[in-house]
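Here's a walk through a fold, strand by strand and helix by helix. Have the model open alongside and follow along.

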Amino acid sequence: MSPRAGKTGPHTLAFVESPVQLLNVLEWAHAHAPGAVLTLVVLAPNDPMTRGQLRRMAELAREEGHTVRWEEARGGPAAPFQTVGGLTGLLRRAGRVVLGDPFSRYVQLLLTITRARHLVVVDDGTATMEFVAQLARGERLVRWHRKGGRPGARDLVFAPVSARARRRLTPGTGRQVEIFSSMPMDETPAGVTLHANDFAWTRFRFGPPRITKGADMVGTSLVETGVVDGERYLDAVRTLAKAHGATRYFAHRRESTDKLHRLAVETGLEIVRPDLPLELIARRGPVGRTILSFPSTVVHTLPLALAGTEVRVAVCDIDPAWLTAHASPRAQGFLSGVTGTARDVTRLQAVTALS
């Protein structure tokens, strides 16, 4: 535990919508704002598992001395107006704003209100890689798994707000933009400051873990986002678990209950729904000597969180045959890039039985 000594620097306001974003705000504060007291605004989603993890992360943030403000931002038709109205004063007073998802329409709207001269973007998973690339190329902000499709009516209506938010995220006179990330960056936007997240707070706060002899598997929401075919995914998990002796499956917070039930029945894996981000779960332990994953954020973050332990992270490539007909044209290249740029991992070939 590291209680804060007092306020230092400009007043910092942080917006988070996921447990990983909140974790990375704490990592940023530990590395770059020691002694600062943050106001953390949780724009609460509706998903029960995500809400549960966010409440646990909020407890950790309070233990660190930060102020947490929980907003039922999606609690009905009037909720967005009430949330934005209630935050306007804080936004106008903040000297620094930290955010976890620049693709979020909520965050983009809030960015149009703030007068902060210092903006910090922390990781929201692998999407950060795409955000940096789009910012460097001056493109509109579109999530990687949606890119290639035609903009919908809501996209067109929101386009002016999104364009203004992108301008706010572009460094300019009197405006500093910082990116705090554990992801590899091929392109650096002009004027943007990059800082590496090495999960120092996580290693300081938790562990080292007790390591078991078996293997654990990390779930992914690629089926839920329409990128990977569900049957192909089930077969891949079954084959990998058998080949590597995996016994536990750590579910992604967005994985459907029906899919997880099928996985438990057809693979024999114990399904674990973590109450914290996997980086903290693994660091606390117990954890398998091998962690199996498909391309995802954890192939970059777990080696950092588990540095100094004997845990091996192994990543299995996504075979192009697993992709759905609705997958973005960029999906295969993006997923290959996530795997290919990961450091300190063992690369496994796509499960050949499915080819």
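In what order do the seven strands of the open sheet come? The order is β3-β2-β1-β4-β5-β6-β7, with parallel pairing. Before going further, a word on the ground rules. This is a predicted model, so local features need pLDDT of at least 70 and side-chain atom pairs count only at pLDDT 80 or more, while totals for chains, interfaces and linings use all residues. Residues are numbered from 1 along each chain as its sequence is written, and side-chain values use heavy atoms, leaving out hydrogens and water.

**The seven-stranded sheet**

Strands here are DSSP runs of E with at least two residues, helices are runs of H or I with at least four, and both are numbered from the N terminus. Two strands pair if DSSP finds at least two bridges between them. The edges of this sheet are β3 (67-71) and β7, each pairing on one side only. From one strand to the next, the twist averages 20°; angles run from 0 to 180 degrees between N-to-C directions, with axes fitted as lines to C-alpha atoms, for helices over the stretch in contact.

Strand β6 (residues 176-181) is mostly covered, with five of its six residues buried (buried means under 20% relative accessible area, exposed over 50%, partly exposed in between, using a 1.4 Å probe and protein chains only). On one side, β6 runs parallel to β5 (residues 118-122) over five bridges, and valine 120 sits opposite glutamate 178. Strand β7 (residues 193-196) also pairs with β6 in the parallel sense, over four bridges; there, isoleucine 179 has leucine 194 as its bridge partner. Helix α5 (residues 127-137) lies across β5 and β6, at about 150° to β6.

Is serine 181, in β6, buried or exposed? Its relative accessibility is 6%, so serine 181 counts as buried. Leaving aside residues up to four places away in sequence, serine 181 touches Asp123, Thr128, His195, Ala196 and Asn197, where contact means heavy atoms within 4.5 Å.

At the β3 edge, strand β2 (residues 38-43) joins β3 through five bridges, running parallel. Leucine 43 is partnered there with glutamate 71. You might look twice at glutamate 71 in β3: at 12% relative accessibility, this residue counts as buried, too. Glutamate 71 touches Val41, Val42, Leu43, Ala44, Thr83 and Leu87, again not counting residues up to four places away in sequence.

**A kinked helix**

Leu87 takes us to α3. There is a kink of about 40° in α3, centred on leucine 87 (the bend at a residue is the angle between axes fitted to the seven residues ending there and the seven starting there). Does that leave the span of α3 (residues 79-93) short of what its 15 residues should give, or in agreement with it? The end C-alpha atoms are 22 Å apart against 21 Å expected at 1.5 Å a residue, which agrees; the expected span is 1.5 Å times one less than the number of residues. Buried in α3 are Ala79, Thr83, Val84, Leu87, Leu90 and Leu91, and the buried residues of this helix pack against β1, β2, β3 and α4 (105-111).

**The second sheet**

Six strands form another open sheet, in the order β10-β9-β8-β11-β12-β13, with parallel pairing. Its edge strands, β10 (270-272) and β13 (346-348), each pair on one side only. The twist here averages 30° from one strand to the next. Helix α8 (residues 230-244) packs on this sheet, touching β8 (211-218), β9 (246-250), β11, β12 and β13, and its direction makes about 170° with that of β8.

Here are some strand pairs with their bridges:

| Strand pair | Bridges | Bridge partners |
|---|---|---|
| β2 and β3 | five bridges, parallel | leucine 43 and glutamate 71 |
| β6 and β7 | four bridges, parallel | isoleucine 179 and leucine 194 |
| β11 and β12 | four bridges, parallel | leucine 292 and alanine 314 |

**The cores**

A nonpolar core is a set of buried Ala, Val, Leu, Ile, Met, Phe, Trp, Tyr and Cys residues joined through side-chain atoms within 4.5 Å. In the largest one, of 41 residues, Leu22, Val25, Trp28, Leu40, Met57, Leu280 and Leu302 touch the most other members. Elements giving two or more residues include β1 (12-16), α2 (48-63) and α11 (298-305), and α1 gives the most, with six. Leucine 22 touches Val16, Leu40, Val42, Leu54, Met57, Ala58 and Ala61, not counting residues up to four places away in sequence. Apart from this core lies another, of 31 residues, among them Leu43, Val97, Ile113 and Ala165.
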